[in-house]
Protein chains: 2
Amino acid sequence: MRGPVRTRTARAKAARPSPGAARQAAPAAVDLGPLGGFIGYRLRRAQLAVFAGFELALREIGLTAGELSVLVVIARNPGLTQSDVCAALAVQRANFTPLLHALEADRLAIREVLPADRRSNALRLTCHGREVLARALALHERLEKRITACLGEAGRTQLIGLLRKLETL
Amino acid sequence: MRGPVRTRTARAKAARPSPGAARQAAPAAVDLGPLGGFIGYRLRRAQLAVFAGFELALREIGLTAGELSVLVVIARNPGLTQSDVCAALAVQRANFTPLLHALEADRLAIREVLPADRRSNALRLTCHGREVLARALALHERLEKRITACLGEAGRTQLIGLLRKLETL
DNA sequence: ATAATTAGTTATGCTAAATAACAACTGAGT
DNA sequence: ACTCAGTTGTTATTTAGCATAACTAATTAT
């Protein structure tokens with residue numbers, strides 16, 4: 001069963017110093033060479049950290065980053081079709097279907113067949129969906145706060161600007 | 001067979017205007033709402049673009065981003081163990097094994113059992129590996145050039161600094 | 001009508017990433 | 001010398017993200 005509130009895998013095993021632990025010699029500081037200057041590498045490492053933070057922040061709601069993004073877009077643009085959302089978020093239509101069905105199964109969103117064009121569905125949030133979204137956004141806000149604390153307000157704004165430019169590469 | 005030069009999937013289908021093409025009404029500009037300010041979202045979009053650029057740039061060599069990063073690290077730090085590389089690149093040891101074996105099968109790297117500790121392997125590049133790495137780095141340079149053209153030299157430096165900060169979130 | 005397109009779906013494959021379990025090996029303490 | 005906890009690399013398995021091809025149903029152009 002996949003309710004709107006899902007508990008992910010329980011992590012955190014509390015790494016004890018452990019008695020017979022062989023104390024690691026200083027990690028020897030591996031030289032990354034040119035890799036450290038690769039934007040792609042830095043993006044991957046940063047994304048790993050941010051996504052870990054995301055999962056931590058939204059654990060109690062149990063929404064995926066992808067699911068949250070879809071909820072936000074539907075909330076802001078009720079009546080969009082699946083293709084519209086897919087185009088907006090750069091998701092393949094084929095991959096969007098199961099994601100949306102999951103949201104529907106959780107009673108967060110509904111697909112409404114349009115009489116005008118019976119091929120496409122108008123997407124809307126349920127009341128419950130709006131509530132969950134509001135909670136999720138509040139939780140997510142904490143993550144962004146953490147990021148702002150890490151980068152500074154100016155740094156955060158700069159970063160977004162730079163990443164947006166990269167998207168048009 | 002998986003040679004050092006692999007041709008990935010052939011894309012680029014040249015979207016023709018096509019005769020009976022229904023001219024899309026203006027895409028209606030979906031409102032992303034707060035999503036546009038999510039660092040995680042921006043990271044994903046940027047990474048998509050950069051990785052697409054990576055694949056394009058390295059197509060003729062056929063190295064994965066992960067593979068290239070491993071080659072760079074081994075080249076710079078000959079004799080590292082698998083665990084060392086994994087720690088340096090934030091890769092699971094279990095996932096590293098097949099990656100390394102692929103590099104070995106392509107005669108780019110070798111595993112040398114240490115008499116001192118017969119559990120671990122010292123990793124080195126073959127001559128061929130060094131050659132391929134040099135070519136790969138040259139090709140990758142083009143990508144970084146494109147990125148610099150997109151962000152400016154200052155922007156590129158800023159971005160790397162900001163992403164590094166994010167890694168420690 | 002008929003041909004071409006579009007919207008959504010299904011099936012499938014690939015890669016990255018995570019986890020658990022295991023054998024071989026090491027080293028520290030008794 | 002021996003035990004035992006810990007490490008190294010491996011295998012197997014699972015999951016998520018992204019991609020492509022092929023299909024149905026509905027729509028539009030000619």
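This report describes how chain B and chain A meet in a predicted model, and then turns to one residue of chain B.

Residues are numbered from 1 along each chain as its sequence is written, and chains are lettered from A in the order in which they are written. Because the model is predicted, local features need pLDDT of at least 70 and side-chain atom pairs count only at pLDDT 80 or more, while totals for chains, interfaces and linings use all residues; side-chain values use heavy atoms, with hydrogens and water left out.

**Relation of the two chains**

A turn of 180° with a shift of 0.0 Å along the axis lays chain B on chain A with an RMSD of 0.1 Å, the superposition being by least squares on the C-alpha atoms of residues with pLDDT of at least 70 in both. The two copies are thus related as by a two-fold rotation axis. The same surface serves both copies, as 100% of the contact residues of chain B recur in chain A.

**The interface**

Contact (heavy atoms within 4.5 Å) involves 54 residues from chain B and 55 residues from chain A. Buried area is the accessible area (1.4 Å probe) that two parts lose on being put together, summed over both. Between chain B and chain A this area is about 5300 Å², and carbon and sulfur atoms give 70% of it. On the side of chain B, the residues that lose the most area to chain A are B:Ile39, B:Arg42 and B:Leu169, together 13% of what that side buries.

Salt bridges (a side-chain nitrogen of Lys or Arg within 4 Å of a carboxyl oxygen of Asp or Glu) number four between the chains. One of them joins the side chains of B:Arg76 and A:Asp31 at 3.3 Å, N to O.

The side of chain B that touches chain A divides by residue class as follows. Ala, Val, Leu, Ile, Met, Phe, Trp, Tyr, Cys and Pro count as nonpolar, Asp, Glu, Lys and Arg as charged, and the others, Gly among them, as polar.

| Class | Count on the side of chain B |
|---|---|
| Nonpolar | 32 residues |
| Polar | 10 residues |
| Charged | 12 residues |

**B:Thr126**

B:Thr126 counts as buried because its relative accessibility is 19%, buried meaning under 20% relative accessible area (1.4 Å probe, protein chains only). A polar atom of the B:Thr126 side chain lies 2.7 Å from the backbone oxygen of B:Arg107. Leaving aside residues up to four places away in sequence, B:Thr126 touches B:Arg107, B:Leu108, B:Ala109 and B:Ile110.

Technical notes: Buried < 20%, exposed > 50% of the residue type's maximum accessible area, 1.4 Å probe, protein only. Polar contact = N/O pair within 3.5 Å; in protein donor to acceptor, adjacent residues only side chain to side chain.
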